[in-house]
Structures are given as structure tokens and as C-alpha cells.
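Dear colleague,

I am handing over the structure we spoke of, and below it you will find an account of what came out of going through it. Please read the notes with the model open beside them.

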Amino acid sequence: MKYKVPIILAAIALIRPFFSIVGLTEYFGQPYTSITLTLIISLIWICTVVISQDKKPIQTLVMAGIFYAIFAIVISGILSPILLGELQGPLLNPLAIISVFITNIIWGLIVGCISWVIMKVVY
């Protein structure tokens, strides 16, 4: 399956909203928790494509960012009414949806480029 790795990597990134949902982000403190989780997820993404010698690391990680954006928006739409009693999040604002996608595409692009450089140096 062509999208298997990006989907798995996107699912791993769901640890960020999970930390927020269960209150761990606030418990450990902002912005350090979000930054730390983003760095850990980025390292996992980079290691995955480098170790597997992915032929298209940039494309794989941009796709991971896109799938993560989709997952985050859908989860927000499902869980916010359950946990907060009303719909909140990007589904209320089309510009927010665009922002979520752009942010995560850029994230995937940056870590994809880092992966590509590492692979050029190592392999």
C-alpha cells in the first residue's frame, strides 16, 4: 500500500492531541510539552524514512503531514462535542482548516528535507 507509512506516521503524531485531551500538556506545561512532542515525533518520522531508505522521503513526510491534518480535524470534530459539549476547532472556520493543512504540510516538508539531506550524507 502506497500510503501505509505516511498513515502510520500520522497516527503516531496523534500523541500530541492525545496529550492535550487527557490534560498532560497542561500538567507538564506549555509550550515545552508541545515542542518536545513535536521534536520526538519529527525524530521518529526522520528515523523511519532514513532507516527504511525511503526513495521519496520528502513526499512520504509531506503525505504524513497531510494525513495528520485530516486525522486531527476529524478527531477534533468528533471529540469536541463529546468532551466540551459543543463543536470546537477547525471545522468551525474554513480558514482554520486551511491553516491546519498548511502548517502540517510545512512540517512534513521540513522533516522530509532534513531526512533527504541525512540520506544523501549517510548513503
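**What was found**

Ser-34 has its place in helix 4, and because its relative accessible area is 18%, under the 20% cut-off, Ser-34 is buried. Please keep in mind throughout that this is a predicted model. Leaving aside neighbours within four places in sequence, Ser-34 is in contact with Arg-16 and Thr-25.

Just as a matter of backbone geometry, Gln-30 and Pro-31 are joined by a cis peptide bond, with omega at about 0°, and Pro-31 lies in the loop between helix 3 (24-28) and helix 4. A second backbone feature concerns Gln-53, which has a positive phi of about 50° although it is not a glycine. Gln-53 is found in the loop between helix 4 and helix 5, and with a relative accessible area of 44% Gln-53 is partly exposed.

Helix 5 spans residues 57-84 and contains Thr-60, which counts as buried because its relative accessibility is 9%. When residues up to four places away in sequence are not counted, Thr-60 touches Val-5, Pro-6, Val-49 and Asp-54. Ser-80 also has its place in helix 5, and at 7% relative accessibility Ser-80 counts as buried. The contacts of Ser-80, leaving aside its neighbours within four places in sequence, are Ile-75, Gly-85, Glu-86, Leu-87 and Gln-88. Ser-80 and Ile-21 are 59 residues apart in sequence, while their C-alpha atoms are 9.5 Å apart in space.

Turning to the interior, the largest nonpolar core has 17 residues, of which Ala-13, Trp-45, Leu-61, Tyr-68, Trp-107 and Val-111 touch the most other members. Two or more residues of this core come from each of helix 1 (4-13), helix 4 (32-51), helix 5 and helix 6 (94-122). For Ala-13 the contacts are Ile-41, Trp-45, Tyr-68 and Trp-107, again not counting residues up to four places away in sequence. In soluble globular proteins, nonpolar side chains tend to be buried together.

On the surface, there is also a nonpolar patch, formed by Leu-95, Ile-98, Ile-102, Ile-106, Ile-110, Ile-114, Trp-116, Val-117, Ile-118, Val-121, Val-122 and Tyr-123, which together have about 1,200 Å² of accessible area. One of these residues, Leu-95, is found in helix 6, and Leu-95 counts as exposed because its relative accessibility is 63%, over the 50% cut-off.

That leaves the cysteines: why is Cys-113 not bonded to Cys-47? The sulfur of Cys-113 is 17 Å from the closest cysteine sulfur, that of Cys-47, and this is too far for a bond, since a disulfide requires a pair of cysteine sulfur atoms within 2.5 Å. The count of disulfides by this rule comes to zero, and Cys-47 accordingly is in no disulfide, the nearest cysteine sulfur being that of Cys-113. As to accessibility, Cys-47 counts as partly exposed at 40%, and Cys-113 is partly exposed as well, with a relative accessible area of 33%.

With kind regards

How values were computed
Residues are numbered from 1 along each chain as its sequence is written. This is a predicted model: local features need pLDDT of at least 70, side-chain atom pairs count only at pLDDT 80 or more; totals for chains, interfaces and linings use all residues. Side-chain values use heavy atoms; hydrogens and water are left out. Helices (H or I, at least four residues) and strands (E, at least two) are DSSP runs, numbered from the N terminus. Buried means under 20% relative accessible area, exposed over 50%, partly exposed in between (1.4 Å probe, protein chains only). Contact means heavy atoms within 4.5 Å. A nonpolar core is a set of buried Ala, Val, Leu, Ile, Met, Phe, Trp, Tyr and Cys residues joined through side-chain atoms within 4.5 Å. Patches are made of residues with over 30% relative accessible area and no salt bridge: like charges are joined within 9 Å, nonpolar side chains (Val, Leu, Ile, Met, Phe, Trp, Tyr) within 5 Å. Accessible areas come from the Shrake-Rupley method with a 1.4 Å probe; for residues, only the protein chains shown count as cover. A salt bridge is a side-chain nitrogen of Lys or Arg within 4 Å of a carboxyl oxygen of Asp or Glu.
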